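Here are my notes on the model you sent round. Please read them with the coordinates open.

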Amino acid sequence: MKPAQIFHQYIWIINALRAFGQLTLEELNEKWVEDKVNEGNALPRSSFNRHRDAILDMFGIVIDCNKKTYIPMTRPLRIYRPWVGDTTFRPDKS
């Protein structure tokens with residue numbers, strides 16, 4: 001896959017989580033397939049984890065999950081930017 005395509009996927013994930021707030025990985029994957037981000041192919045958990053790590057490295061954006069509902073494919077994902085002090089998208093403190 002070309003770097004520009006991967007970068008587009010990172011931006012899509014960030015925008016989806018900002019637009020819809022909390023999403024489970026399953027819900028994110030449904031939107032991913034609907035929007036044909038990767039030619040209609042699903043977003044595997046392992047790819048999501050690699051994308052999440054790259055988003056943190058490139059943009060400093062943390063994509064976190066609710067630790068209370070530790071169900072691998074259905075835990076809510078949240079996004080926040082710790083360097084800005086953005087209180088809109090913050091992980092649970094519990």
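The points below go from the overall fold to single residues.

1. Status. This is a predicted model. Please keep that in mind for every value below.

2. Fold. The chain has three helices and three strands. Read from the N terminus, the order of elements is α-β-α-α-β-β. The chain holds 94 residues, and 37% of them count as buried.

3. Core. The largest nonpolar core has 17 residues. Which members touch the most others? They are Trp 12, Ile 13, Leu 28, Phe 48 and Ile 55. Helices H1 (3-20), H2 and H3 (45-59) each give at least two residues to this core. H1 provides the largest share, with six residues. As background, nonpolar side chains in soluble globular proteins tend to be buried together.

4. His 51. This residue is part of helix H3. Is His 51 buried or exposed? Its relative accessibility is 10%, and the cut-off for buried is under 20%, so His 51 counts as buried. His 51 pairs at long range with Ile 13: the two are 38 residues apart in sequence, yet their C-alpha atoms are 8.5 Å apart in space. Ile 13 is also among the core residues that touch the most other members.

5. Ile 61. Look next at the loop between H3 and strand S2 (62-65), where Ile 61 is found. Ile 61 has 9% relative accessibility, so it counts as buried. How far is Ile 61 from Ile 14, in sequence and in space? The separation is 47 residues along the chain and 8.4 Å from C-alpha to C-alpha.

6. Negative patch. Glu 26, Glu 27, Glu 30, Glu 34 and Asp 35 form a negative surface patch. Take Glu 27 as one example from this patch. Glu 27 lies in helix H2, which spans residues 25-34. Its relative accessibility is 34%, so Glu 27 counts as partly exposed. Residues need over 30% relative accessible area to join a patch, so Glu 27 passes on that criterion. H2 also supplies at least two residues of the nonpolar core.

7. Positive phi at Lys 36. Check the backbone here. Phi of Lys 36 is near 55°, a positive value in a residue that is not glycine. Lys 36 sits in the loop between H2 and H3. At 59% relative accessibility it is over the 50% cut-off, so Lys 36 counts as exposed.

8. Positive phi at Glu 39. Glu 39 belongs to the loop between H2 and H3. Its phi is positive, about 55°, although Glu 39 is not a glycine. Buried or exposed? Glu 39 is exposed, with a relative accessible area of 70%.

9. Recap. Two loop residues between H2 and H3, Lys 36 and Glu 39, deserve a look in the viewer. On the buried side, the matching entries are His 51 and Ile 61.

Technical notes: Residues are numbered from 1 along each chain as its sequence is written. This is a predicted model: local features need pLDDT of at least 70, side-chain atom pairs count only at pLDDT 80 or more; totals for chains, interfaces and linings use all residues. Side-chain values use heavy atoms; hydrogens and water are left out. Patches are made of residues with over 30% relative accessible area and no salt bridge: like charges are joined within 9 Å, nonpolar side chains (Val, Leu, Ile, Met, Phe, Trp, Tyr) within 5 Å. Accessible areas come from the Shrake-Rupley method with a 1.4 Å probe; for residues, only the protein chains shown count as cover. A salt bridge is a side-chain nitrogen of Lys or Arg within 4 Å of a carboxyl oxygen of Asp or Glu. Lys and Arg count as positive and Asp and Glu as negative; His and the chain ends are not counted. The place of a charge is taken as NZ of Lys, CZ of Arg, CG of Asp or CD of Glu. Helices (H or I, at least four residues) and strands (E, at least two) are DSSP runs, numbered from the N terminus. Buried means under 20% relative accessible area, exposed over 50%, partly exposed in between (1.4 Å probe, protein chains only). A nonpolar core is a set of buried Ala, Val, Leu, Ile, Met, Phe, Trp, Tyr and Cys residues joined through side-chain atoms within 4.5 Å.
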